[in-house]
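Trainee: I would like to learn how to read the main features of a protein model, one after another. Could we go through them together?

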Amino acid sequence: MYNKIIKLIIAAGIIAFAVYQFTEGNIGNGIMFILLSLIFVFLYFKNEFILLAFLRLRKQDFEGAKKWLDKIKNPETALVTKQQGYYNYLHGLMVSQTNMNEAEKYFKKAIALGLSMNHDLAMAKLNLSGIAFSKRRKIEAEKLLSEAQKLDKQGMLADQIKMMKENMKRSQMPNQHFGAGGSIRSQKRRS
C-alpha cells in the first residue's frame with residue numbers, strides 16, 4: 001500500500017512533464033499527461049482499495065471486501081481522514097454480522113473521523129442504535145435512532161428506522177404472565 005503523499009508526488013511529476021510537453025509544442029501529449037495526473041489526484045481523495053471493497057459489499061461478498069480492506073496495511077499513513085472513516089465504517093459493517101462489540105468500536109471511530117455522505121452517517125448511527133438497544137441502553141439507542149432519522153433525508157433507511165422503532169415499542173410493553181408465572185424455583189416452592 002502506497003503512502004498518500006506518494007500519489008501527490010507522482011501527480012506533480014506528471015504535471016511537470018505535461019508542462020514540458022506544452023513548451024515543446026506537443027499540446028496533445030500535454031493534455032493527455034494532465035488527464036493522467038488527475039487520476040492520481042482522484043486516488044488521493046478516493047482510495048482504490050476502499051472503492052473496490054464497496055463494490056464487493058454491493059454484491060454481499062463480505063470475504064472479497066475484507067480481502068481488499070486487508071491490503072491497506074497502515075490506514076493512518078495511507079489514507080486521508082475521511083477515508084479512515086470509511087475504512088472503519090466498512091469494517092464495522094462486516095464485523096457487525098459476527099461481533100457486535102467490535103462493530104461498535106469501528107462505527108464509533110468512523111463517526112468520530114467523519115463520513116462525507118449523510119446516508120452513510122445515518123447507517124452507522126442506525127447500526128450503533130441497534131447495538132445499544134441490544135445491550136439494553138435504551139436512551140442512547142433512541143437518541144442515535146433520532147439522529148439517524150434526521151440524517152436520512154432521502155428516506156433510504158426509512159423501513160429500517162421504522163422497524164427499529166417498532167422493536168423499541170414492543171420492548172416497552174409489560175410482560176404479562178398468565179397462570180403460575182415466576183421462575184421454576186418459585187413454582188417448586190409453591191407446590
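Mentor: We shall take the secondary structure, then burial and contacts, and then the largest pocket, bearing in mind that this is a predicted model.

Trainee: How many helices and strands are there in the chain?

Mentor: One begins with the list of elements and then reads their order: here the chain holds 11 helices and 0 strands, and from the N terminus on the elements run α-α-α-α-α-α-α-α-α-α-α.

Trainee: What share of the residues in the chain is buried?

Mentor: Burial is judged from relative accessible area, with under 20% counting as buried, and by that cut-off 33% of the 191 residues in the chain are buried. The chain as a whole exposes about 12,400 Å², of which carbon and sulfur atoms supply 59%.

Trainee: And what do the contacts say about separation along the chain?

Mentor: Among contacts in the chain with a separation of 6 or more, 55% are between residues 24 or more positions apart.

Trainee: What is the volume of the largest pocket, and which residues are the closest to its centre?

Mentor: The largest pocket has a volume of about 940 Å³; its lining comprises 27 residues, and F54, Y86, Y89, L93 and D120 are the closest to the centre. By class, the lining contains 15 nonpolar, 8 polar and 4 charged residues.

Trainee: Which element supplies the largest share of that lining?

Mentor: That is α3, with 6 residues, while α3 (48-58), α6 (81-95) and α8 (118-134) each supply at least two residues of the lining.

Terms used:
Residues are numbered from 1 along each chain as its sequence is written. This is a predicted model: local features need pLDDT of at least 70, side-chain atom pairs count only at pLDDT 80 or more; totals for chains, interfaces and linings use all residues. Side-chain values use heavy atoms; hydrogens and water are left out. Helices (H or I, at least four residues) and strands (E, at least two) are DSSP runs, numbered from the N terminus. Buried means under 20% relative accessible area, exposed over 50%, partly exposed in between (1.4 Å probe, protein chains only). Contact means heavy atoms within 4.5 Å. Accessible areas come from the Shrake-Rupley method with a 1.4 Å probe; for residues, only the protein chains shown count as cover. On a 1 Å grid over the protein atoms alone, a cavity is a set of points where a 1.4 Å probe fits but cannot get out, and a pocket is an open set with protein on both sides within 12 Å along at least five of seven lines; lining residues have an atom within 4 Å of a point. Grid points are joined across faces, edges and corners, and a volume is the space filled by probe spheres set on the points. Ala, Val, Leu, Ile, Met, Phe, Trp, Tyr, Cys and Pro count as nonpolar, Asp, Glu, Lys and Arg as charged, and the others, Gly among them, as polar.
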